[in-house]
Each structure stands twice: as structure tokens, then as C-alpha cells.
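Here is a short report for a first look at this structure. Keep the sequence and the 3D view at hand while reading.

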Amino acid sequence: MSATDPRRRIPRTDALLALPPFVEAAARHGEAVVKAALTQAQERARTGEIAPEEVAAAAEAGLPVRTTTLRPVINATGVVVHTNIGRAPLSRAAVEALAAAAGYVDVEYDVVTGARARRGRGALAALRDAVPDAGGALVVNNGAAALVLATTALAAGREVVVSRGEMVEIGDGFRLPDLIASTGARLREVGTTNRTSVADYADAVGPSTGCILKVHPSNFRVEGFTSAVGLQELATLGVPVVMDIGSGLLHPDPLLPDEPDATTCLRQGASLVTASGDKLLGGPQAGLVLGDTDLVERLRRHPLARALRVDKLTLAALEATLRGPVPPVTAYLHADPRELRRRTEAVAAALGRAVVEADGAVGGGGAPGLELPGCAVELPDWCAEVLRRGDPAVVTRVVRGQCLVDLRCVPAESDSAVVAAIDAALASRG
């Protein structure tokens, strides 16, 4: 390398790391991330792609925008509980609770006595307050875990009686028979796919029965010549009845008349109700167990409960969801149609586009077939890819060759960002 070689002017790594922008970046992202950006910029200078004097600026531009690779998206699909983009968005109260729980907290410590305390007692109290019919409450890490723990504690080495019409696949290839088999319990199938009677259950119940399991078929419907057995009848058969409602609805909702809720199921005779916390409840990912005090305690004391327990962040966000304001999921489900149309027409007018009728959906396996009447801004289908690749990423849906932008799950304060994103997308094709 000659004395006049411009590569000699490339700044050293230690000199760059001492510059204020990179000191701040190292504090935020870590020194390894910053060094990687510096090394990449220096290599570009060595190959002549950029001038040595441009290394610092290029490295700064190459730093990540966020401290996580998870990328925030704007949900313009009209699907409220969208599994692929994180299910339930948390309320502001829950986000604030997460920040409060990020440091040292009294998650299982009594600051008055200095002794160990019941883990997550605030969240458990909030859950019992929300569902007074539940004598006990337990929180694990997801809905499937709640079901696995219940069947393991009640029926390991014994039989779980379940209707053939409720042998569901819960998503991503996970099937109920496989899930139950993993607990060491034996499935005792009764009835047929479309019809099961109380006599079918009664004939199967015996000394080897650990529990009866009833599963809400939340992501499909069977219609026609069908029959099923209610909880009130099952409760008379002398064994614990576990009801997996799936969605996490705690009370009846007139908008969702066919969606089971925890309160009603307990009143009808369910011994235990299991559910997810990040669907219709609108909270963080969690599995909820509600019901008979002694049975819930039996689950809590089971060794598997330790492996399935949730961390302080989940407990904090769940408590804030239960005690705080209406969570976004509930607000989006019950969005005022007139206000939704007003916003959609305003966005469409700003872009010179048309508004079309478009039905939203509950999503997350909840209320299959239920349509949420609404509207959307209509765009060419190619806009869907451009929008989701943008910053911010806007996720839409394509129906019959048209990209539909549905504002149901978009906070009103983000409407201007949606307009800007669509404007940029349309401009990209001239």
C-alpha cells in the first residue's frame, strides 16, 4: 500500500468507537453490533465503494433502527386477533406495566415481612375478581400448556374421555390426540364426528377415567345433522369436566353469541376452564386455568407447573389488562361502524381512491364464520407487497385481485402514517 493510497485514510475502529454517535449506539445496541457496522463500512471504503471520509456516516446509517429484529407492523387486514402478527396488541396500561416490571419487582416477595410470597398474586387476584365464579386461578405460558397441565394432573396414566367431534387440530400441525398422548394420559373417544350423546360419555366413564374433556371447535363449524352434550349434563357423571374454551372470553359478549365464555362454562358445571390470554381477553400470551379451588391447587402443585410458569412481564401485563381500560382487541371488535367509515373515506379521499364494503374477522380461532361488517380502501393488488415491505410495514389483505386496506385495527392516530405509506407505494410504480 503506497503512502498516497486512500485506504490509509480509513479511520481506525477504536477512533470511530470513541465518537459520540457510536458511544451512544454501543450503549443501546451493544458494542458487537456497532463494531459490525463499522467493519462493514470500513470494508466498503477498502473496495472503493465509498470514500474514507464517508466511513463514519455509512456506519451510522448501517446501525439497526430498533433493539430487536421484531418489526412493528400496522394491521390493516381487518383481522382482529391475527396470529401471524402477534395476536392481541397490548393496551397502554399493559405496556406501562411491562416497563414497571422490567427491573427488580416483588413478583414473589413480601416487602412487609421480607419473606417469600405467592408468585404473581396480583395477577391471580385480578383474574379471580374478573371471574368470581372461579374458586381458584392459575396462569401458565399459553393455552395449550393450560390444557396439557390440566390433563396431566388429572389423568396421567388414566383416561381422558373426549368426543370424536372435538378431536381438533389447534394450529401449526398440533393435534389434540398428540397433545393429550404426550401427557401420559389415554384418550377414550366417544360418539361420532357429528353426533355425541350423554349416554356415549356415561358408557365410557369408569374407574380409570381421569376427566372428561370438552373442547370448543373454535376454528371450524360442523352443521347439519349434529348433536353435542352440554356441560350441565356432563357435570352429572361424577368426574371432573375440563372445558377448553380457547379464546379467553371471560364473560358473554352479545357480538359473539356462539363463543363460550369462562363465567358461563363454570356456572354450567365445568370443573376447570382453560383458555388463552392473548386472544379475546386482549392480553399477553398466557394460558389461563379457572375453576374448582382444590383442582386448581392440584395443578399448581404438579411438577409440570414449574416448567410452564410465566415470567414477571406476563404477570404484569395480564394484571394491567384485567384491571385496566378496554384493551385494543375489544375496542376493535366493537368499533363504531360510522366512525370506521368516516376514517376510511377520509383516507381514501386523501389518496383519490375508492371505498368498498369489506367484512373483518375475529381471527385467532375465535367465532369462525362471524363477519364484522366494515369497509376498506381499494388499491391494486401489487400494493400489498410494497406496503408490507415499507417502513412502517402495513399488512393488508388481497381479495379478488384487489388490495384492501381495512382500518378496523389501525389506531386513529396512525391514519396519517397509512396515507403516507400508501402514497409512497403508489408513487413507486409511477
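Buried means under 20% relative accessible area, exposed means over 50%, and partly exposed lies in between. The model shown here is predicted.

## A buried acid in helix H18

Start with Asp415. Its place is in helix H18, which covers residues 415-428. Is Asp415 buried or exposed? Its relative accessibility is 12%, so Asp415 counts as buried.

Which residues does Asp415 touch, leaving aside neighbours within four places in sequence? The contacts of Asp415 are Arg343, Val347, Leu407 and Val410.

## Strand E4, covered on both faces

Strand E4 spans residues 159-163. Five of its five residues are buried, so E4 is largely enclosed by the rest of the structure. Both faces are covered. Glu159, Val161 and Ser163 are buried on one side. Val160 and Val162 are buried on the other.

Strands of a sheet pair through backbone hydrogen bonds, either parallel or antiparallel. Which sense applies to E4 and strand E7? The two run parallel, and five bridges join them. E7 covers residues 186-190. Its Arg188 is the bridge partner of Val161. E4 also pairs with strand E8, residues 209-215. That pairing is parallel too, over four bridges. Here Glu159 stands opposite Thr209 of E8.

## Ile180 and its contacts

Ile180 sits in helix H8, residues 176-181. At 1% relative accessibility, Ile180 counts as buried. What does Ile180 touch, not counting residues up to four places away in sequence? It contacts Thr151, Val160, Ala185, Leu187 and Leu213. Val160 belongs to one of the two buried faces of E4.

Thr152 lies 28 residues from Ile180 along the chain. In space, the C-alpha atoms of Ile180 and Thr152 are separated by 8.1 Å.

## The four-stranded sheet and helix H16

Turn to another part of the model. Four strands form an open sheet in the order E12-E14-E17-E16, with antiparallel pairing. Which strands are at the edges? They are E12 and strand E16 (397-399), each of which pairs on one side only. On average, neighbouring strands of this sheet are turned by 45 degrees against each other, direction ignored.

E12 and strand E14 (residues 375-380) run antiparallel and are joined by four bridges. Ala354 stands opposite Glu378 in E14. Helix H16 packs on the sheet and touches both E12 and E14. The direction of H16 makes about 25 degrees with that of E14.

## A salt bridge between E12 and H16

Glu357 and Arg341 form a salt bridge, with their closest N and O atoms 2.6 Å apart. This pair links distant parts of the chain. Glu357 is in strand E12 (residues 354-357), and Arg341 is in helix H16 (residues 337-351). The two are 16 residues apart. How accessible are they? Glu357 counts as exposed, at 61% relative accessibility. Arg341 counts as partly exposed, at 28%.

## More salt bridges

How many salt bridges does a search of the whole structure find? It finds 23. One of them joins the side chains of Glu43 and Arg46, at 3.5 Å from N to O. Glu43 and Arg46 are three residues apart in helix H3 (residues 31-46), so about one helical turn separates them. Glu43 is partly exposed, at 41% relative accessibility. Arg46 is partly exposed as well, with a relative accessible area of 41%.

Arg119 forms a salt bridge with Glu108, and their closest N and O atoms are 2.7 Å apart. Both residues lie in the loop between helix H5 (92-101) and helix H6 (121-130), eleven residues apart. Arg119 is partly exposed, with a relative accessible area of 22%. The pair belongs to a network of salt bridges that links Glu108, Arg116, Arg119 and Arg309.

## A nonpolar patch on the surface

Which residues make the nonpolar surface patch of about 340 Å²? They are Tyr109, Val111 and Val112. Val112 lies in the loop between H5 and H6. At 74% relative accessibility, Val112 counts as exposed. The salt-bridged pair Arg119 and Glu108 is found in the loop between H5 and H6 too.

How values were computed
Residues numbered from 1 in each chain as written. Predicted model: local features only at pLDDT ≥ 70, side-chain atom pairs only at ≥ 80, totals over all residues. Heavy atoms only, no water. Salt bridge = Lys/Arg side-chain N within 4 Å of Asp/Glu carboxyl O. Buried < 20%, exposed > 50% of the residue type's maximum accessible area, 1.4 Å probe, protein only. Contact = heavy atoms within 4.5 Å. Pairing = 2+ DSSP bridges. Patch = residues over 30% accessible without salt bridge, like charges linked within 9 Å, V, L, I, M, F, W, Y side chains within 5 Å. Areas by Shrake-Rupley, 256 points an atom, 1.4 Å probe, with all protein chains shown as cover. Axes fitted to C-alpha atoms, helices over the stretch in contact; angles between N-to-C directions.
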